[in-house]
Amino acid sequence: MNCKTTGSMLLALIAISLGMTACNSLPVPDPDPEASVKGTMTVKMNDKLAISDTMFGIFFEDINYGADGGLYAELVANRDFECTPADNRRDRSWNEKKFWAVDGSGMTFDVATADPIHTNNPHYAVLNASQVGPRLINEGFGGFRYEKGAKYDFSMFARRQDGQPVRIEVGLLSDTGVTLASQTLDVKSDKWEKLSLVLTAKDGNSAADACGKFYLKPLTAGAAVAVDMVSLFPQDTFMGRKNGLRKDLAQTLADLKPQFVRFPGGCVAHGDSWQDDCYYWKDSVGALEERKPIKNRWGYHQTRGLGYFEYMQFCEDIGAYALPIITVGVDCQFSGGQHAVPMDQMDRIVQDALDLVEFANGTTDTKWGGLRAKMGHPKPFGLKYIGLGNEEQISDDFETRFKMVNDALRAMHPEIVVVGTVGPGASGPDYDRGWKFARQEKLPIVDEHFYMNPDWFVDSAQHRYDNYDRTGPKVYAGEYAAHVPRVNPRPNTIETALDEAIFLTGVERNGDVVVMSSYAPLLGKHGNMQWTPNMIYFSNTKIDKTTTYEVQKLFGANAGTEYLKNTLSFGSALDERQTRRVAASVVTTDDGDVVLKYVNRLDRPVSITVTLEDGRGIPASAKRTVLTGPVATGTEYTITDNYIKLGRTFNVNLPANSMTVIRF
Ligand code: AHR
């Protein structure tokens with residue numbers, strides 16, 4: 001994460017290779033109806049199916065620096081001095097000093113472990129300056145971005161090491177090394193003490209390659225000082241939360257209007273190993289200095305400053321249900337085979353599940369409800385859903401352990417809706433066995449995953465649920481994305497986004513069996529990618545929304561409470577394969593609006609004569625939003641809004657390769 005290598009040139013190259021293009025507001029010309037393929041549609045305004053209030057959610061995982069260095073607003077990298085060589089499997093040089101360096105001679109920078117702040121945070125730094133001048137510099141997550149006039153909350157734990165008080169200067173540096181803010185504080189105690197101050201940046205450095213830095217400079221020569229949990233947060237976080245989220249990124253997620261947020265993964269939820277990097281939620285709550293940092297399964301360091309409390313707070317802030325995914329005691333089968341927690345240690349796994357409900361919903365006089373209150377949220381979070389497991393191999397070990405956790409939850413917390421898992425693929429042995437097991441256990445919902453080529457979304461996924469059993473568990477399409485084969489990095493194109501949109505029309509049509517869905521993964525930081533494609537790309541200074549994001553937003557912002565049955569036909573104008581490439585769904589929203597969504601994946605415009613049968617009066621006009629792009633395999637797109645004339649019968653003209661939303 002060298003700042004220079006994530007600078008503007010590389011950023012631009014990555015942006016080009018991923019095809020990021022800002023959406024512009026040039027109007028999309030209406031296609032010529034005469035030259036269009038003609039179709040007819042009938043909507044039965046009174047023939048409805050209920051749609052769940054969790055249909056469109058988001059999948060958040062700390063992959064591609066999605067949390068530390070991403071959504072979590074902490075600016076200091078390795079603030080806890082707990083990076084280890086195990087953190088990054090490709091670069092074993094990582095250690096407790098990672099992202100820190102002294103910028104001159106005359107100061108030692110050591111790492112010590114005697115009498116730490118907490119056993120979960122065993123390492124800290126000891127600075128001893130023989131002269132005043134050298135600074136301990138933090139390079140941040142690819143540099144620091146500072147805004148002119150913005151306030152930054154600095155805090156650290158410190159203690160004097162050899163009896164002498166030590167004065168320390170704390171400062172912000174611009175890309176060119178100019179001091180943007182500085183202040184001093186005194187470390188007087190020989191016990192760990194939390195010290196804090198606020199720095200105001202006199203200038204900003206929000207250029208695309210913002211490479212600012214942050215420093216600590218001892219001003220007392222000849223004295224040693226210990227420091228840990230060195231932290232710098234912009235005050236302007238999302239909803240002004242302390243220990244909060246990066247405002248622009250969190251707002252970008254909120255704009256999707258997600259009905260639920262799944263966290264903390266993905267594979268992060270169970271880790272490579274249940275003994276090592278499994279995300280046990282209890283280690284992610286409480287005072288920051290007492291949380292247990294772990295290696296991230298995707299090859300970096302997780303502070304877990306963004307932990308279960310912060311996830312649930314975020315859900316509450318954006319009006320989304322929380323969907324935590326917890327381990328049932330087996331780890332990732334793709335990391336050297338599946339390993340299971342020994343049966344004599346399963347009590348802990350079961351208890352963790354029960355205690356999670358207490359943490360989220362328990363009264364403040366309970367142990368875990370009390371901790372929630374101490375963390376600033378006495379009111380229950382109202383947790384309703386818990387996911388047990390993430391795409392594990394459905395083995396005997398899995399089934400035994402899943403049953404233990406599920407049975408305990410059912411007995412103690414029947415109010416919690418459990419979401420099971422049916423393995424990593426759209427079909428295959430784990431899928432078959434997972435479904436059989438889910439039916440046997442009468443699970444309410446199961447999580448299906450599919451990363452498939454774009455055509456699969458049109459030819460198979462679109463009608464996947466039409467014939468699903470209506471009496472068994474409901475479906476959560478929990479991880480899906482159209483992957484263009486043999487392209488690296490895999491792009492988000494007009495084609496991939498529209499093919500996913502076609503799939504989502506099928507999901508809405510089958511709202512009686514599919515009750516949740518989320519695209520994955522959500523975030524990818526430029527220069528720090530372990531996986532493509534992602535829904536949103538970002539750097540420290542900018543956010544690149546993909547075509548996928550725009551499609552998800554159109555579905556999220558136009559989510560329905562009821563599906564209106566409809567028929568769409570093209571007679572002999574299109575053959576069977578072409579017909580699959582034009583899809584529609586119609587819903588009513590909770591505020592009584594009617595929304596028609598159309599996807600046209602043909603390279604030709606389509607004109608549809610729509611007839612609205614029965615129902616209430618129809619207004620004279622409706623808002624129309626069109627997402628399209630000049631090249632299906634390209635990433636350039638435009639989104640335009642305008643109004644069209646309505647009536648009982650009206651025409652909708654769909655540009656080639658477009659998604660159109662009509663709302664009235
Ligand atoms: O979304 C990225 C990964 O894909 C998830 O962590 C995992 O569940 C799936 O294999």
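Colleague: How many cavities of 30 Å³ or more do you count here?

Modeller: The count comes to eight cavities of 30 Å³ or more. Keep in mind that this is a predicted model.

Colleague: What makes a space a cavity and not a pocket?

Modeller: It's about the way out: a 1.4 Å probe fits in a cavity but cannot get out, while a pocket is an open set of points. Take the second largest cavity, with a volume of about 70 Å³. Its lining is Y65, D68, A77, N78, C83, W94, F99, F141, Y300, H301 and T303.

Colleague: What makes a residue part of that lining?

Modeller: It needs an atom within 4 Å of a grid point, so Y65 and the others listed pass that test. By class, this lining has seven nonpolar, three polar and one charged residues. D68 is in the lining, and Asp counts as charged, so D68 goes in the charged group.

Colleague: OK, now the pockets. What is the volume of the largest pocket?

Modeller: About 850 Å³ of space lies in it. It has 36 lining residues, and K194, K242, N243, L288 and E310 are the closest to its centre. Elements that give two or more residues to this lining are β7 (151-160), β10 (193-200), β12 (223-234), α3 (308-318) and α5 (367-374). Of these, α3 gives the most, with five residues. Sorted by class, the lining has 15 nonpolar, 10 polar and 11 charged residues.

Colleague: And which elements give two or more residues to the second largest pocket?

Modeller: That pocket has a volume of about 430 Å³. It is lined by 22 residues, and L75, R145, P234, R246 and N540 lie nearest its centre. The elements you asked about are β7 and α2 (247-254). This lining splits into eight nonpolar, five polar and nine charged residues.

Colleague: Now the ligand. How do you know that E61 makes a polar contact with it?

Modeller: The cut-off for a pair of N or O atoms is 3.5 Å. An N or O atom in the E61 side chain is 2.6 Å from a ligand oxygen, so the pair counts. For E391, a polar side-chain atom lies 2.7 Å from a ligand oxygen. C267 uses a backbone N or O atom, 2.8 Å from an oxygen of the ligand. Those pairs also fall within 3.5 Å, so they are polar contacts too.

Colleague: How much of the ligand does the protein cover?

Modeller: The ligand on its own has 280 Å² of accessible area, and the protein covers 94% of that. The shell around the ligand has seven nonpolar, two polar and three charged residues, with F59, W298 and Y451 among the residues there.

Terms used
Residues numbered from 1 in each chain as written. Predicted model: local features only at pLDDT ≥ 70, side-chain atom pairs only at ≥ 80, totals over all residues. Heavy atoms only, no water. Near = heavy atom within 4 Å. Polar contact = N/O pair within 3.5 Å; in protein donor to acceptor, adjacent residues only side chain to side chain. Areas by Shrake-Rupley, 256 points an atom, 1.4 Å probe, with all protein chains shown as cover. 1 Å grid on protein atoms, 1.4 Å probe; cavity = no way out; pocket = protein on both sides within 12 Å on 5 of 7 lines; lining within 4 Å. Points joined across faces, edges and corners; volume = space filled by probe spheres on them. Helix = DSSP H or I, 4+ residues; strand = E, 2+ residues; numbered from the N terminus.
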